[in-house]
Amino acid sequence: MMIKQAVVVFLTLGLTACSSVDHSELPLSSGVSEALLEDMPAEWADSYAGNPEVQIFIDRLVKEHNYDRKRLELAFSRIKVRPKVIEKSDNQPEVLIPYYEYKTRFVNEERAKLGYHYAQRNADWLRKAEQEFGVDPYVIVALIGVETYYGRITGSRDVFTSLTTLAFDYPRRKVYFQSELEAYLLLARQEGWNIGETKGSYSGAMGMVQFMPSNYQKLAIDYDRNGHIDLWGSDADAIGSVANYLKHHGWQKDQPWFVMASVGDPELVKDEINRGREPSKDMVAWSALNVLPTQSFIPQKTGLIALRTGPEEMSYWLGYKNFFTIMDYNPSRRYAMSVLELAESIGSYENH
């Protein structure tokens, strides 16, 4: 397969804003996925390659990482903004939906049953991960269950286009997403992926564990030792990578996640509710504020969590370090509570 000579020259010379982008197939050596042809812009100026900010980004990758300029310009010339990505980023269910509705997506009998069977099939890998990283096996399984339904739903969007859209057309988090886009491009070069062929979520998360590219680089591991990290097809690699991630972020072996609590006067502690990303007070301090655990507890620091468990009902928990470690995976208390409640449901499913 050959790309038209005019396009090669066109890209090599830097391209002019008025020139058309060719729709012929890409050369095998281009390092860019043919899938990017599906919805490519008709004109260079309409593509991301025509964006001056993207050209600066390309210049930096060439200078700092010796990246192939032609490969980058070809890839960026074949994509344009994906508005749906921005819409989804502004309407995340972890933020908009009350917990009693949000949890029904994940904490239910079907997902607990599938999680139990997933744990049975992968018992050896989960046992190994618990021994090496100290992470509860059911928490590992629940994270994979919440993220991708145990690998069934890993995302169908081209990661490159999603990350580029967020990096250059989503001002609120553009610095973060430019960093993730850079990580993705370096990962693609390292792993031998064609740019644009990698599928994931609308935010650029990948595989059955939904790692962002920077976490894939740093924390994904080849747990089955077959010489290749595969977060899409290898349960072993997924399990080991989740365990490595949680351990890296401070998971404490054999320690509790949370205890239910009563709050005597919510107004008195309103500034403490759902505050921060770390445990803040010991049990003595909470007791002085009339916040009391209603279950057996360990006298360590905790943070006060409040979530709506019904239209007119607010429930409270005191979360330990491990609860907040789950929030390092996704900074939502609704998310963290769903993962941990699903883990409990998976663990008790055998006696269901």
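This note goes through the sheet, several helices and the nonpolar cores of a predicted model.

1. The sheet is a good place to begin. Four strands make up an open sheet, and their order across it is β4-β3-β6-β5, with antiparallel pairing. The edges are taken by β4 (291-293) and β5 (303-310), and because each of these has a single partner strand, one side of each is left without a neighbour in the sheet. From one strand to the next the twist averages 40°.

2. The pairings can be followed strand by strand. Between β3 and β4, which pair in the antiparallel sense, there are three bridges, and V263 has V291 as its bridge partner in β4. Four bridges join β3 to β6, again in antiparallel fashion, with L318 of β6 standing as the bridge partner of V259. Seven bridges connect β5 to β6 (residues 313-319), and these two strands also run antiparallel; here I305 is matched with W317 of β6.

3. A helix is laid over this sheet. Helix α16 (residues 333-348) lies across β3 (258-263), β5 and β6, and the angle at which it runs to β5 is about 80°.

4. Which residues of the largest nonpolar core touch the most other members? This core has 94 residues, and the ones in question are F76, F160, Y184, L185, L246 and I326. Helix α16 gives the most to this core, contributing eight residues. A second core of twelve residues is separate from it, and its members include V259, M283, V291 and L318; of these, V259 and L318 are the bridge partners described above for β3 and β6.

5. L185 offers a closer view of the packing in the largest core. Leaving aside residues up to four places away in sequence, L185 touches F57, L61, Y67, L72, F76, F160 and I195. Two of these contacts, L72 and F76, are among the buried residues of helix α3.

6. Helix α3 itself (residues 69-77) is mostly covered, since seven of its nine residues are buried. The buried set consists of R71, L72, E73, L74, A75, F76 and S77, and it therefore takes in charged side chains as well as nonpolar ones. At the N-terminal end of α3, D68 acts as a cap, with a side-chain oxygen placed 2.9 Å from the backbone nitrogen of K70.7. Helix α8 (residues 123-133) shows a divided pattern, for its buried residues are L126, A129 and F133. Seen down the axis of α8, these residues fall within an arc of 60°, so they line one face of the helix, whereas D124 and Q131, on the other side of α8, are exposed. The buried residues of α8 pack against three helices, namely α7 (109-121), α9 (137-148) and α13 (235-248). Just after α8, the backbone at G134 takes a positive phi of about 75°.

8. Is A243, a residue of helix α13, buried or exposed? The relative accessible area of A243 is 0%, so this residue is buried. Leaving aside residues up to four places away in sequence, A243 touches A129, F133, V135 and I140, and two of these, A129 and F133, belong to the buried residues of α8. The C-alpha atoms of A243 and E130 are separated by 7.8 Å, although the two residues lie 113 residues apart along the chain.

Note on methods:
Residues numbered from 1 in each chain as written. Predicted model: local features only at pLDDT ≥ 70, side-chain atom pairs only at ≥ 80, totals over all residues. Heavy atoms only, no water. Pairing = 2+ DSSP bridges. Axes fitted to C-alpha atoms, helices over the stretch in contact; angles between N-to-C directions. Contact = heavy atoms within 4.5 Å. Buried < 20%, exposed > 50% of the residue type's maximum accessible area, 1.4 Å probe, protein only. Polar contact = N/O pair within 3.5 Å; in protein donor to acceptor, adjacent residues only side chain to side chain. Arc of directions from axis to C-beta. Core = buried A, V, L, I, M, F, W, Y, C linked by side-chain atoms within 4.5 Å.
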